[in-house]
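Please find below a short structural report, prepared for a reader working with the atomic coordinates.

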Amino acid sequence: MKKLISIFLSITILAGMFIIPTSAATTKNENNGFNINNGTISAFDGTWIYYIKDKQIRKFKNDGTKDAAVYTANNWIYDLYVYDGYIYYNLSGSGINKVKTDGTKNQVLVKSDDIRNYQVVNGYIYFVEYNKTYNLCSVKTDGTGKKTIVKNVDTNYKFFVSSGYIYYAATRTVKVQTWTENVSEWIRIKTDGTGKKTYDFKPNTNNLIVDNGNIYYDNYDNKFFCLDTKGKTTELKFTLAYNDKLLGIYDGVVYYFTYDDTAKVYKLMQMNLDGTGKKVIVKLKSRYSDHSFNISGGWIIYEDDGYALYARSLDGKQKKTLKKGTTTRTDIGM
């Protein structure tokens, strides 16, 4: 599992874990840790599920009907959010944009050709951009009031905004016997840049995600923990095998990818927090499906089979093909 996690972090898709209420998270603005961790290719506004199809933003109703185009850009689109009647997206080579949910009034909010991560929370956009170093910044959702909050953040990790705080990683050099190593440490700071606190979990902590003020993380011993808002740490009971890759926890269910070496097939799996109730959700044709996996409006949105995009209802009763597979897109890879 160490090797898989190392690869995963190197492309800044942090495989973490969290618990989040089903309806409360999806109807706010879909700014939940699960989708942030797994490629924000979809978002839900309470009625429509919006999703990315290469250079286009599309939508369908959460009952599975009325698939339609919303907006077509001139380049690749990434990182989708819906907030207060607008769709926010990262346009390759341009920066952070927003467009109304009816596809009108497109506006560039942050012009940059190197945005590594961003989130839309309570009227602000928090993002990492390159300006000599990678800096964590904020700007209002109307594009004004841009400021730098933290300089020189570690782009191998996602950052998270929760309950008025930003959680991010920084790298420091430590001496180990006769050599030195770079070690990432996790830091919490208020969204106004004050109240900095460094967390000392364990030296080998390599995964972290924050939701509603709770911190969930694992270590190289393949053990999983929750540090709650009262400062209490609890070890969780499920474990993962070497070939498993954790996606997260949604509504008390653990989602992960695994490889069945006997059947030579990749599988999207789920299980309970205590490790029971393991179930195959989808047998996958390609390992690349672990790049993007979202839960939006009661649907699983995932990639597979040459970057084909599928939607499957959480109850398993409906499945939609949102985009046919192709091997022409080369900007994503393991």
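The report covers the overall composition, one sheet and the cysteines.

## Overall composition

The model is predicted. In the protein chain, the secondary structure comprises 3 helices and 28 strands. Of the 334 residues in the protein chain, 54% are buried.

The accessible surface of the protein chain is about 15300 Å², and carbon and sulfur atoms account for 44% of this area. When contacts in the protein chain between residues at least 6 apart in sequence are considered, 38% of them join residues at least 24 apart.

## An open antiparallel sheet

Strands of a sheet pair through backbone hydrogen bonds, in a parallel or an antiparallel manner. One open sheet of the model holds 4 strands, ordered β25-β26-β27-β28, with antiparallel pairing. The edges are occupied by β25 (293–296) and β28 (319–323); each has a single partner strand, so one side of each lacks a neighbour in the sheet. On average, neighbouring strands of this sheet are turned by 25° against each other, with direction ignored.

The pairing of β25 with strand β26 (residues 299–304) is antiparallel and extends over 4 bridges. Asparagine 294 has isoleucine 301, in β26, as its bridge partner.

## Cysteines

Two cysteines can be classed by their accessibility. Cysteine 137 has a relative accessibility of 2% and therefore counts as buried. Cysteine 226 has a relative accessible area of 12%, and it is likewise buried because this value falls under the 20% cut-off.

With a disulfide taken as a pair of cysteine sulfur atoms within 2.5 Å, the count is 0 disulfides.

Notes: Residues numbered from 1 in each chain as written. Predicted model: local features only at pLDDT ≥ 70, side-chain atom pairs only at ≥ 80, totals over all residues. Heavy atoms only, no water. Buried < 20%, exposed > 50% of the residue type's maximum accessible area, 1.4 Å probe, protein only. Pairing = 2+ DSSP bridges. Helix = DSSP H or I, 4+ residues; strand = E, 2+ residues; numbered from the N terminus. Axes fitted to C-alpha atoms, helices over the stretch in contact; angles between N-to-C directions. Contact = heavy atoms within 4.5 Å. Areas by Shrake-Rupley, 256 points an atom, 1.4 Å probe, with all protein chains shown as cover.
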